[in-house]
Amino acid sequence: MKLEKFYDRAYNWLYAEGPDLVIAIIIFLVGLWFIKFLRSRIRVRMSKRKVHSSLQPFFLSLSITGLYILLIITVFEIVGVHITVFTTIIGAFSVAAGLALSGTFQNFAGGVLILLLKPFEIEDNIVAQGQDGKVVSIQIFYTVLLTIDNKTIIIPNGKLFNEVIVNVSREGRRRLDFEVKLGYAADIEKAKKIMLDAIKTTPDIFDDPAVRVGLVGLESDSIRFTINVWVLPANYLNVKIALMEKIIKNLGAAGIAFPKPG
């Protein structure tokens, strides 16, 4: 008797819910095939649009995961399983996780924006967060710089993207500026000629844009010359050291006096 009741209930349930169950299974199988098809299409589209290789797995995973969730919700709704409780639990978990990982999410968002907008790229020299170095790695959560004195600097992308970034490599050339102080007895034209000759004989200095040497200031005990030359960012420090040494030596050899320290 009990077995007959069970069969009756099973038959009634299949009769009432069977069509929806069959439709749900069909939609689930078709959805799986469609998601698999979209996965390959999304990967191809990102490659054609030259999306950064660090971002491709993230965007692909995010898209496919979202489609799977949408498919599961659709199947549940078709078979009459309401997921209001699950939605509430997921929402509460998301809020808690967001509060706990707000800093991490900020770094993640900064990394995504850096890789998409490209304010700098690998091998660029940048000045940011008080650090000056060459970009050796751009990760989702942080960027790695290598300084001229061989120090590795790791900067969180959240801080990096929200502050001023100076890209000294973007334009291909960097202007080198420094000043030289001479005594008032110095022959200005002779001093300028010596400085220009030193610039001409120093390697790795561009002729275009033109170099500039000129008097820019008068002080109580000295006159100030400014020197502007253009170099590759990678040669900046080497050229500065070589040029300053050559100018100081040549001026001294010509008998041009420097102001005495106060």
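A patch, as the word is used here, is made of residues with over 30% relative accessible area and no salt bridge, where like charges are joined within 9 Å and nonpolar side chains (Val, Leu, Ile, Met, Phe, Trp, Tyr) within 5 Å. This is a predicted model, in which local features need pLDDT of at least 70 and side-chain atom pairs count only at pLDDT 80 or more, while totals for chains, interfaces and linings use all residues. Residues are numbered from 1 along each chain as its sequence is written, and side-chain values use heavy atoms, with hydrogens and water left out.

**Stop 1: two surface patches**

Begin by selecting L21, I25, F28 and L29, which form a nonpolar patch on the surface with about 340 Å² of accessible area together; such areas come from the Shrake-Rupley method with a 1.4 Å probe, and for residues only the protein chains shown count as cover. Within this patch, F28 sits in helix α1 (helices are DSSP runs of H or I with at least four residues, strands are runs of E with at least two, and both are numbered from the N terminus). F28 counts as partly exposed because its relative accessible area is 34%, given that buried means under 20%, exposed over 50%, and partly exposed in between (1.4 Å probe, protein chains only).

Next select R41, R45, K48 and R49, which gather in a patch of positive charge on the surface. Lys and Arg count as positive and Asp and Glu as negative, while His and the chain ends are not counted, and the place of a charge is taken as NZ of Lys, CZ of Arg, CG of Asp or CD of Glu. R49 belongs to the loop between α1 (2-48) and α2 (56-78), and R49 counts as exposed because its relative accessibility is 61%.

**Stop 2: backbone details**

Move to K118, in the loop between α4 (102-117) and β1 (125-128), where phi is near 55°, a positive value in a residue other than glycine. N150, in the loop between β3 (142-146) and β4 (152-156), also is not a glycine and has a positive phi of about 65°. Then select D208 and P209, since the peptide bond from D208 to P209 is cis, with omega near 0°.

**Stop 3: strand β6 and its surroundings**

Is L176, in strand β6 (residues 174-182), buried or exposed? L176 counts as buried, because its relative accessibility is 0%. Leaving aside neighbours within four places in sequence, L176 is in contact (heavy atoms within 4.5 Å) with residues including I227, N228 and Y236. The C-alpha atoms of L176 and N228 are separated by 5.6 Å, although the two residues are 52 apart along the chain.

**Stop 4: salt bridges**

A salt bridge is a side-chain nitrogen of Lys or Arg within 4 Å of a carboxyl oxygen of Asp or Glu, and a search of the whole structure finds seven of them. Select D177 and R175, whose closest N and O atoms are 2.8 Å apart in one such bridge. Continue to R224 and E179, whose side chains meet in a salt bridge (3.0 Å, N to O); this pair links distant parts of the chain, with R224 in strand β8 (residues 223-231) and E179 in strand β6, 45 residues apart. Adding K181 and E219 to the selection completes the view, as E179, K181, E219 and R224 are linked in a network of salt bridges.
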